[in-house]
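Biologist: I would like a close look at a single part of this model. Please take one residue as the starting point, describe the helix that holds it, and then work outwards to the rest of the chain.

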Amino acid sequence: MEMYEASKSHLVGSSGNNSGQGKGVIPPEGVKGWGWGAFLLNWVWAIGNRTWVGVFAIVPYLGFVVAIVLGMKGREWAWQNKEWESVEHFLAVQKKWAFWGVILLVVPAILGILAAIIIPQIVAHGPRI
């Protein structure tokens with residue numbers, strides 16, 4: 001019985017770094033929570049974090065559901081599926097994924113709005129050379 005309990009010690013999340021040990025691992029505090037990087041960059045994030053279920057985000061109609069599930073559970077799965085140096089390292093990497101997800105959402109939106117304003121003006125008045 002004691003040997004069985006010792007072999008399960010990695011599941012409790014209280015004894016050091018238990019990342020990359022697969023399903024059943026309880027992530028430490030701070031790992032769980034909404035993941036903007038996983039939601040916004042879904043299938044790319046999934047490959048980078050070895051969370052293969054996220055690849056289903058490329059399937060039409062299913063992709064949005066997968067993105068939401070990745071947003072909710074992705075950080076926990078990434079902790080379980082990939083080895084990380086520490087919780088701080090994990091959080092720093094996930095913060096970078098979120099940053100680039102927002103950048104890749106906001107920048108094209110701004111460029112699209114500017115194009116929608118500028119292009120009609122050019123067409124209506126002709127180019128200024």
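Modeller: The starting point is Gln 80, which sits in helix H4. Keep in mind that the model is predicted. Gln 80 has a relative accessibility of 8% and therefore counts as buried, since buried means under 20%. Leaving out residues up to four places away in sequence, Gln 80 touches Gly 20, Gln 21, Gly 22, Lys 23, Gly 24, Val 25 and Pro 27.

Helix H4 covers residues 62-81. Within helix H4 there is also a pair of charged residues, Lys 73 and Glu 76, which lie 3 residues apart, about one turn of the helix. Their side chains form a salt bridge, with 2.9 Å from N to O. The count of salt bridges comes to 1. The two partners can be set side by side: Lys 73 is partly exposed, at 32% relative accessible area, whereas Glu 76, at 14%, is buried.

Glu 76 leads on to Val 31. Apart from neighbours within four places in sequence, Val 31 is in contact with Arg 75, Glu 76, Trp 79, Val 87 and Phe 90. Val 31 also belongs to the largest nonpolar core, which has 14 residues. The members that touch the most other members are Val 31, Trp 45, Leu 70, Ala 78, Trp 79, Trp 84 and Phe 90. Three helices, H3, H4 and H5 (87-125), each supply at least two residues of this core. Helix H4 gives the largest share, with 4 residues. As a general background, nonpolar side chains in soluble globular proteins tend to be buried together.

Helix H4 also takes part in a nonpolar patch on the surface. The patch has an area of about 960 Å² and is made by Trp 43, Val 44, Ile 47, Trp 52, Val 53, Val 55, Phe 56, Ile 58, Val 59, Leu 62 and Val 65. The elements that give two or more residues to this patch are helix H3, residues 42-48, and helix H4. Here it is H3 that gives the most, with 3 residues. One of the patch residues, Trp 52, lies in the loop between H3 and H4. Trp 52 has a relative accessibility of 53%, so it counts as exposed.

The loop between H3 and H4 has two more residues to look at. Arg 50 is in this loop, and its phi is near 55 degrees, a positive value in a residue other than glycine. Tyr 61 is in this loop as well, with a positive phi of about 70 degrees although it is not a glycine. The general background is that most residues other than glycine have a negative phi. As for accessibility, Arg 50 is partly exposed, at 45%, and Tyr 61 is exposed, at 82%.

Next come the aromatic rings. The whole structure holds 7 aromatic pairs. In one of them, the rings of Trp 34 and Trp 36 have centres 5.6 Å apart and planes at 70 degrees, so the pair is edge-to-face. Another edge-to-face pair is Trp 36 with Phe 39, where the centres are 5.9 Å apart and the planes meet at 80 degrees. Trp 36 and Phe 39 are 3 residues apart in helix H2, residues 36-40, and are thus separated by about one helical turn. Trp 34 is partly exposed, with a relative accessible area of 36%, and Trp 36 is also partly exposed, at 46%. Ring pairs link Trp 34, Trp 36, Phe 39 and Phe 64 into a cluster.

Last, the setting for these parts. The protein has 5 helices and 0 strands, and the pattern along the sequence is α-α-α-α-α. Of its 129 residues, 29% count as buried. The protein exposes about 8,800 Å², and carbon and sulfur atoms supply 70% of that area. Among contacts between residues at least 6 apart in sequence, 63% join residues at least 24 apart. The contacts of Gln 80 with residues including Gly 20 and Pro 27 can be read against this background.

How values were computed: Residues are numbered from 1 along each chain as its sequence is written. Side-chain values use heavy atoms; hydrogens and water are left out. Patches are made of residues with over 30% relative accessible area and no salt bridge: like charges are joined within 9 Å, nonpolar side chains (Val, Leu, Ile, Met, Phe, Trp, Tyr) within 5 Å. Accessible areas come from the Shrake-Rupley method with a 1.4 Å probe; for residues, only the protein chains shown count as cover. A salt bridge is a side-chain nitrogen of Lys or Arg within 4 Å of a carboxyl oxygen of Asp or Glu. Buried means under 20% relative accessible area, exposed over 50%, partly exposed in between (1.4 Å probe, protein chains only). Rings of Phe, Tyr and Trp (its six-membered ring) pair if their centres lie within 6.5 Å; planes under 30 degrees apart count as stacked, over 60 as edge-to-face and the rest as tilted. Contact means heavy atoms within 4.5 Å. A nonpolar core is a set of buried Ala, Val, Leu, Ile, Met, Phe, Trp, Tyr and Cys residues joined through side-chain atoms within 4.5 Å.
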